[in-house]
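Trainee: Before I rely on words such as buried, edge-to-face or compact, I would like to see how each one is justified. Could we go through them one at a time?

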Amino acid sequence: QLQLVESGGGLVQPGGSLRLSCSASGSTLDYYAIRWFRQAPGKEREGVSCISSSGGRTNYADSVKGRFTISRDNAKNTVYLQLNSLKPEDTAVYYCAAAPTFCRNPELWGQGTQVTVSS
């Protein structure tokens, strides 16, 4: 009965920032590793970041390393993705997903939130 809902997307200028949230309901989030994915029009879905269930381990795609930061607050049942120094190529629908272990195949997906980077 776990459900994930993304929020925080929107329109931002190049170089700007957004913070995406992945909020869980129906179950506690602390057991799950969480992954963020994104999918741009005409492109396949790609993994962006992973975070372990404890928050002690993180991973980033090379394209976002140094610009994006994943974090979690298990007490709030929420995982965040901070997007900094945004580029037009970051434009995509961003999804969070629950995985059994760090960076493994997700078992449950959220509905996605749109991020558009444009001047």
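Mentor: What follows is a set of questions about the labels given to this predicted model, each answered by setting a value against its criterion.

Trainee: What makes the protein as compact as a globular protein of its length?

Mentor: The radius of gyration is 13 Å, and the globule rule gives 14 Å for 119 residues, so the two values are close and the protein counts as compact in that sense. Along its principal axes, the C-alpha trace spans about 40 × 25 × 25 Å. Buried residues account for 43% of the 119 residues, and of the contacts between residues at least 6 apart in sequence, 56% join residues at least 24 apart.

Trainee: Which elements make up the protein, and how many helices and strands are there?

Mentor: The protein has eleven strands and zero helices, and along the sequence this reads as β-β-β-β-β-β-β-β-β-β-β.

Trainee: Why is Ser21 called buried or exposed?

Mentor: The relative accessible area of Ser21 is 12%, and the cut-off for buried is under 20%, so Ser21 is buried. Ser21 belongs to strand E3, which covers residues 18–25. Leaving aside residues up to four places away in sequence, Ser21 touches Val5, Glu6, Ser7, Trp36, Thr78, Val79 and Tyr80.

Trainee: Which residues have the most contacts inside the largest nonpolar core?

Mentor: That core has 28 residues, and those with the most contacts inside it are Leu4, Trp36, Phe68, Val79, Leu81, Leu83 and Tyr94. At least two residues of this core come from each of E3, strand E4 (33–39), strand E5 (46–51), strand E7 (68–73), strand E8 (78–83), strand E9 (92–99) and strand E11 (113–117). As for Val79, its contacts beyond four places in sequence include Leu20, Ser21, Cys22, Leu29, Ile34 and Trp36.

Trainee: How do you know that E4 and E5 pair, and in which sense?

Mentor: The criterion is at least two bridges between the strands, and E4 and E5 have five bridges, in the antiparallel sense. Within this arrangement, Phe37 stands opposite Gly47 in E5. The hairpin of E4 and E5 has six residues between the strands, and Gly42 there takes a positive phi near 80 degrees.

Trainee: What makes E5 and strand E6 a pair?

Mentor: Three bridges join E5 to E6, residues 58–60, and the two run antiparallel, which satisfies the requirement of at least two bridges. Ser49 stands opposite Tyr60 in E6, and the hairpin that E5 and E6 form has six residues between them, with Gly55 in the turn at a positive phi of about 85 degrees.

Trainee: Why is the pair of Tyr31 and Tyr32 called edge-to-face?

Mentor: A pair of aromatic rings is described by the distance of the centres and the angle of the planes. The structure holds three aromatic pairs. For Tyr31 and Tyr32 the centres are 5.7 Å apart and the planes are at 80 degrees; pairing needs centres within 6.5 Å and edge-to-face needs planes over 60 degrees apart, so the pair is edge-to-face. Tyr31 has a relative accessible area of 60%, and the cut-off for exposed is over 50%, so Tyr31 is exposed.

Trainee: How do you know that Tyr95 and Trp109 form a pair, and what does the pair tie together?

Mentor: Their ring centres are 6.3 Å apart and the planes are at 80 degrees, so this pair is edge-to-face as well. Because Tyr95 lies in strand E9 and Trp109 in strand E10 (residues 108–109), the pair ties together parts that are 14 residues apart in sequence. Ring pairs link Phe37, Tyr95 and Trp109 into a cluster. Tyr95 is buried at 13% relative accessibility, whereas Trp109, at 32%, is partly exposed.

Trainee: What makes Arg45 count as lying over the face of Tyr95?

Mentor: The distance from Arg45 to the ring centre of Tyr95 is 4.1 Å, and the distance criterion is within 6 Å, with a further condition of within 35 degrees of the ring normal. Arg45 also lies over the face of Trp109, at 4.5 Å from the ring centre. Arg45 is, in addition, among the residues that Tyr95 touches, as are Phe37 and Trp109.

Methods
Residues numbered from 1 in each chain as written. Predicted model: local features only at pLDDT ≥ 70, side-chain atom pairs only at ≥ 80, totals over all residues. Heavy atoms only, no water. Helix = DSSP H or I, 4+ residues; strand = E, 2+ residues; numbered from the N terminus. Buried < 20%, exposed > 50% of the residue type's maximum accessible area, 1.4 Å probe, protein only. Contact = heavy atoms within 4.5 Å. Core = buried A, V, L, I, M, F, W, Y, C linked by side-chain atoms within 4.5 Å. Phe/Tyr/Trp six-rings, centres within 6.5 Å; stacked < 30°, edge-to-face > 60°. Rg over C-alpha atoms; globule rule 2.2 N^0.38 Å.
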